[in-house]
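Please look over the sequence and the model before reading on. The report that goes with them is written for work at the bench.

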Amino acid sequence: MNLSARVRGLVPSATLQLKAETDRLRREGVDVVDFGAGEPDFDTPLAIRDAAKRALDAGDTHYGGSAGRPTLRAAIARRITARYGGNWKPEEVVCGVGGKGVLYLLMQALVDPGDEVMIFSPYWVSFPEQVRLAGGTPVLLPARQESGFIPDPAAAARALTPRTRGLILNSPNNPSGAVTPLPVLERFADLARERGIWIIADETYDRFVYPGFQFASAAGLRERSGDRMALVGAFSKTYAMTGWRIGYALAPRPVIEAVTGIQSHDASHPTSFVQTAAEAALAAGDDSVERMLAEYTRRRDLILAGLSTVPGVGFLPPGGAFYVFAAVGDLCRRVGAGSSADLAARLLREARIAVVPGEAFGVDGYVRFSYALPEGLIAEGMRRLRAFAER
Ligand code: PLP
């Protein structure tokens, strides 16, 4: 069929594909422990759901402005400035259809055909594809386990070319859980200022950081970066609102206006009553976020204890998000799996556990476990994994 050149090389989201496969097995009655899902298993907090119901009944069902509702933009600007600095103004905020939707629009606004965008691997699955969909070339730089999966500003400086348009940072990181320390972020900000490139900082998991780790936001470094900073956030993980599809970006005004212009021809804006619910989420305080973090902390302890008893599996304790990116090279050799993808396929078939192979994130030899699932299931999944590895 005559599809556009743009989509011919497109790699569909591996995590969404895995979800489809896991759902299919479940429909057939197979009981799968799903470490694949990249989303909270919690319900959206009641106050947020109630706000949406009230909004619906009040007729909050009409078109709105393409940048998102002014009151929501102002609330996001206030929230990010209060937490992380940067003195963001409402006009420097755009709301869109999920963090993913906003990132897509940012790439469209910033990247020209032939431009290079640096991405550190392991990376979140959509980064390279979104760069390619804008006509750009992703330039992959490894962030290695030996360095805590922390991206290296010196490696980025070495990889700069006249075509470099920017780089994507993601902290806390999906899939590695790495939390980039402030001094490293500062060096990236210096690089952006000195070399005139953009930093796109994806901070979708900013609220899920574990004891002993210190989150640093790029938001406060906008000045240091020479105002070359675009920050992306979402309500999806923080408030267990994945299906609502609402996210945002903060960036200098011309970038926000460009993104808004594209959105005016694309989704128009995020759903009206979802924006009202997002405002309610920001107004509701942090209790629900803190409850979820406490729960994730217990689950993290449990899965790390479980993984440490599985032969052939190594890991770095994640500093944030809710994933363990486990090294499985030894396990592959033990069970005769040719790659992480092969291992993941066998784990699904033979051990009935779903994990995402490292190839989806740009590195073989690893699989990602999400621990956004109840403790009983984590314990059962670890039993299955151990039995598989010890066979
Ligand atoms: N950025 C990262 C690093 C993510 O892991 C995700 C979701 O998995 C997103 C962005 C997108 O989130 P949303 O559901 O708001 O589109």
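The sections below take up the ligand site, a sheet, and some backbone details of this predicted model.

## The ligand and its surroundings

The ligand is surrounded by 13 residues, and the closest of these are Gly99, Asp202, Ser236, Lys237 and Arg245. Sorted by class, this shell is made up of three nonpolar, six polar and four charged residues. Helix H5, which covers residues 98-110, gives the largest share of the shell, with three residues. As for its place in the protein, the ligand sits in the largest pocket.

## Polar atoms at the ligand

Several short distances link oxygen atoms of the ligand to the protein, and both backbone and side chains take part. From the backbone, an N or O atom of Gly99 lies 2.7 Å from an oxygen atom of the ligand. From the side chains, a polar atom of Asn174 lies 2.8 Å from a ligand oxygen atom, while a polar side-chain atom of Arg245, which is also listed among the closest residues, lies 2.7 Å from an oxygen atom of the ligand. Taken alone, the ligand exposes 390 Å², and the protein buries 93% of that area.

## An open sheet of three strands

Three strands form an open sheet in the order E9-E12-E11, and their pairing is antiparallel. Strand E9 (323-327) and strand E11 (356-357) stand at the edges and have a single partner strand each, so one side of each is left without a neighbour in the sheet.

The pairing of E9 with strand E12 (residues 366-370) runs in the antiparallel sense over five bridges. As one example of how residues are matched, Val324 has Phe369 in E12 as its bridge partner. In general, the strands of a sheet pair through backbone hydrogen bonds, in either a parallel or an antiparallel manner.

## Backbone details in the loops

Which residues does the cis peptide bond with omega of about 0 degrees join? That bond joins Ser121 and Pro122, and Pro122 is found in the loop between strand E3 (116-121) and helix H6 (126-133). The peptide bond from Ser171 to Pro172 is also cis, with omega near -15 degrees, and Pro172 has its place in the loop between strand E5 (164-170) and helix H8 (182-195).

A further backbone detail concerns Phe149, which has a positive phi of about 60 degrees although it is not a glycine. Phe149 is placed in the loop that lies between strand E4 (137-142) and helix H7 (153-159).

Methods
Residues numbered from 1 in each chain as written. Predicted model: local features only at pLDDT ≥ 70, side-chain atom pairs only at ≥ 80, totals over all residues. Heavy atoms only, no water. Near = heavy atom within 4 Å. Polar contact = N/O pair within 3.5 Å; in protein donor to acceptor, adjacent residues only side chain to side chain. Areas by Shrake-Rupley, 256 points an atom, 1.4 Å probe, with all protein chains shown as cover. 1 Å grid on protein atoms, 1.4 Å probe; cavity = no way out; pocket = protein on both sides within 12 Å on 5 of 7 lines; lining within 4 Å. Sits in = over half its atoms within 2 Å of the grid points. Helix = DSSP H or I, 4+ residues; strand = E, 2+ residues; numbered from the N terminus. Nonpolar A, V, L, I, M, F, W, Y, C, P; charged D, E, K, R; others polar. Pairing = 2+ DSSP bridges.
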